[in-house]
Amino acid sequence: MEEEEIQKAVVAYLRKKGFTNTELALHEEQNRVSFSSNSDHSVSRFENGPVRYSDGYSKLRLWVYSSLDMYKHELLRVLFPVYIHCFMDLVAGGHAHEARNFFHTFREDHESMHLRDLQKLEGILSPLHLEEIELSRSFRKNKFKIKMCEYSYDLLLQYLQKTQSFTMRGVINEHIDFEVSPGQPTSSSGDADFVTIEGRNTNLARQINQKEIHWGLLEDSVEQHLKRAVSDSEKAESANKEVNPEDNKKRPLDGGKQGIPVKMVKKDKLVSMVGKNVRSETSAVSVAPRVKPELTLPATLVEVEQAILDDLRSRVQLNSLALPSISFYTFINTCNRLNCSSISQDGSLVAGGFSDSSLKVWDISKIDQLVKTSSLQGEKESAKNENLPATEEGRKPYTLFHGHSGPVYSATFSPFGEFLLSSSSDSTIRLWSTKLNTNLVCYKGHNYPVWDVQFSPVGHYFASSSHDRTARIWSMERIQPLRIMAGHLSDVDCVQWHANCNYIATGSSDKTVRLWDVQSGECVRIFIGHRSMILSLAMSPDGCYMASGDEDGTIMMWDLSSGRCVSPLVGHSSCVWTLAFSCEGTLLASGSADCTVKLWDVTASTRASRVESKSSSPNRLRLLKALPTKSTPIYTLQFSRRNLLFAAGAL
C-alpha cells in the first residue's frame, strides 16, 4: 500500500505542476514493468516444471549425435552425467511418474557402458530412496570429471549459450568438472578413464599422484642374499682360474688346501645348484631399486631361509614359451555356501570359508592317504566302513574351525603356512594356528563386515578392508589396528600388499584403486579408470606394476610411479575374482566367474608401453592361453615359490 500511495502522490505533484509529458512517461514505464514481471513469472513457472528436463536433455542429445565424428565421442561423455542428474532431480522434486518416463526413454543410450549403475538406480521411486541407495548418494555428493579437448569444450559452451538452456547449464555447472587439454581430440578406443567420479576437491587426485613413492624391493631380502652369493661365487671362480688354471682343475672339493674357507666351498655347492635358475630371475628384477622397510620386520629363521632357498633352487622360469603347470582344487557339494578359499605357499593346505560361519582346512597329504587307503580296501571292508559314523575323527580329511558368528568372507595363509587369518560379517578378524588347530586371537576394530584380509609378504603384519569404507593395518601381537586408511567413497572390497611392505593397495566399490603409505597412513596414489567395483588386486614382484580386476571382467595394469593405466584388458565375460603374478613377474594369471583361467604376457606389454608411452592408444596384454573348466568358477589363484600355479573353485 505504501508504494501505491507514493505513486499517487507523485502523479498528483506532476499534474499540479503541469508536467504532462513526464506523467505520460511514468505511466508507460509502470505498464512495461508490470508486463515484464508477469511474463517472467510465467516463464519461471514453466521452467520449474518437469518438462524442462526431458526437453533440455533431448535437445542436448540431438545436438551431440549430430555433431562431427571427430568430436562426437568426446561430447558423448557429457550425456550420462546429465542423464543421471536430470533423473535424480525429477525424483527429488516429487515428479516420480515423469522421472520413470525420462529414465526409460533414454536408458538404451547408456546400457552398453553403465548397465550396472542403471540397474542400481532403477529402483529409485521417491526422494527417500536417493538417500538410502549408496550409488545415488555418491553421485549427488561428488562431481563427475570429464576429459575433452579445448575445441570440444568450446563447442559445448557455444551450444549452451545459443540455446539458453538454463536447466542443462545448471546441471552441468553443478555436477561436472571438465579437464580441458589443448590439441586434437583423444582416441575413442582409449576411453577408459575419461568419465570418472571424484570428490568435490577436483584437484585432489592430481595432487596425490604427484607424491613420490619408493616402489623398489626390500633391502637384505633372501633373494638378494642369494644374488650376492651367486655373484661372489662367480668372482671367486674367475679369480682362481686367472691365478692358477691348472691347479684349479685338480683342486679337491673340500677346498681347504687351496686357501678357500670351507664355508665358502659349501656356499659354492649350494649356489652352483641354484645359480642357473636364479640368474635370469635376478637379472629381471635387478633394475628395481632397493628400499628400506618402514615397518619393523620380523627376523627370518634359518630353517625358513633354507626352505626358501630350496624352493628357489627348484623354481621353473616362466615366459611366453614356457607356461606354468596348474594344480586345481575343486570344492564339491558346497551348495553355494563357499564364500572364499585360500591355498598355502607350498600347496599342502587348502582353506575354505563358508556362509554357516565355519572355516575348514584340508591337508592334501591326508586326502592322498585316504584315497590310497580306500583303493586298497576290498568290497567287504568298504561295506563295513559304510556303517561307521562319518564324523569319526581319524576319517575326517579336514579340520573344522569354529569362532565366527557370521559368514566368512576371506581367508589367507601366512607366507609359511603356520597361521591362517579369516574375516567375517561379524566385523572381526581371527588368527588361527594350523599346527595347534585352534583360534589364537580375535581382532576387533571394524564396525561392519570385513570383506578381505591379507598377510604381508613377510608375515607378522596384515591388512583388512571393510564395508565401513576403511582399510586397516594390524600386527599379530596387537589387538588394535596400527593404521586406519580412510578416503574411499564406498566399500573397500579388496586389499593387497606391495612387495616391499611399505604400501598397501585397496580396491573399492567407488570404482577406484588407492595406494596407501603404511607409515603415514596417507593416500599416495589414486587409480581411476574402472567402470565397476574392484574385486581383485595383484602386485608385480618387482614392485613396479599393479593389476586390478573388476565386476565387469575388465583387468587393468597400472604403473605405480605415474599412477596411469599402461595396459587395459577386456577378456573375461564375468567378474574377475582373483589375480596372481608369476614369481619373476613375466606372466599374469586371472581367474573369473566365467569358469576360466587365463594367462597373459606381462613382459611384452610393459616393454611396449615404455616405447609407446607417447601414443594415445593404450597397449593390450597378450593372451597366451585360456584354460576353461567344465563349470567351476575360479575363487583363488596363487603361484608357489617354485612357479607352480595353484587354483581353487567350487561346483
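Four strands form an open sheet in the order E11-E12-E13-E14, with antiparallel pairing. Strand E11 (408-413) and strand E14 (438-444) stand at its edges and have a single partner strand each, so one side of each is left without a neighbour in the sheet. On average, neighbouring strands of this sheet are turned by 20° against each other, direction ignored. The sheet belongs to a predicted model.

Within the sheet, strand E12 (residues 419-424) and strand E13 (residues 428-433) run antiparallel and are joined by five bridges. One residue pair can be named: Phe 419 has Ser 433 in E13 as its bridge partner. As a general matter, the strands of a sheet pair through backbone hydrogen bonds, either parallel or antiparallel.

**Annotated repeats**

An unreviewed UniProt entry places the feature "repeat: WD" at residues 342-372, 401-433, 443-484, 485-526, 527-568 and 569-610. For the span 401-433, the model gives 61% strand and 0% helix, and its end C-alpha atoms lie 10 Å apart.

**The chain as a whole**

The protein chain contains 19 helices and 32 strands. Of its 651 residues, 46% are buried. Among contacts with a separation of 6 or more, 58% are between residues 24 or more positions apart. The chain exposes about 32900 Å², of which carbon and sulfur atoms supply 52%.

**Two asparagines with positive phi**

Asn 336 has a positive phi although it is not a glycine, and the phi of Asn 643 is likewise positive in a residue other than glycine. The table sets out the values for each residue.

| Residue | Phi | Loop between | Relative accessibility |
|---|---|---|---|
| Asn 336 | about 60° | E6 (326-331) and E7 (338-343) | 72%, exposed |
| Asn 643 | near 70° | E31 (634-639) and E32 (645-650) | 3%, buried |

Is Asn 643 buried or exposed? Asn 643 counts as buried because its relative accessible area is 3%, and buried means under 20%. Asn 336 counts as exposed because its relative accessibility is 72%, and exposed means over 50%.

**Confidence**

The average pLDDT of the protein chain is 79, and 73% of the residues score at least 70. Over residues 611-619 the pLDDT is below 50, and this stretch has 10 contacts in the model beyond near neighbours in sequence. For residues 189-193 the pLDDT stays under 50, and the model has 11 contacts beyond four places in sequence for them. Where pLDDT is low, the predicted coordinates should not be read in detail.

Terms used: Residues are numbered from 1 along each chain as its sequence is written. This is a predicted model: local features need pLDDT of at least 70, side-chain atom pairs count only at pLDDT 80 or more; totals for chains, interfaces and linings use all residues. Side-chain values use heavy atoms; hydrogens and water are left out. UniProt positions are given in the numbering used here, feature names are shortened, and annotations may be inferred rather than shown by experiment. Helices (H or I, at least four residues) and strands (E, at least two) are DSSP runs, numbered from the N terminus. Buried means under 20% relative accessible area, exposed over 50%, partly exposed in between (1.4 Å probe, protein chains only). Contact means heavy atoms within 4.5 Å. Accessible areas come from the Shrake-Rupley method with a 1.4 Å probe; for residues, only the protein chains shown count as cover. pLDDT is the predictor's confidence in each residue, from 0 to 100. Two strands pair if DSSP finds at least two bridges between them. Axes are lines fitted to C-alpha atoms, for helices over the stretch in contact, and angles run from 0 to 180 degrees between N-to-C directions.
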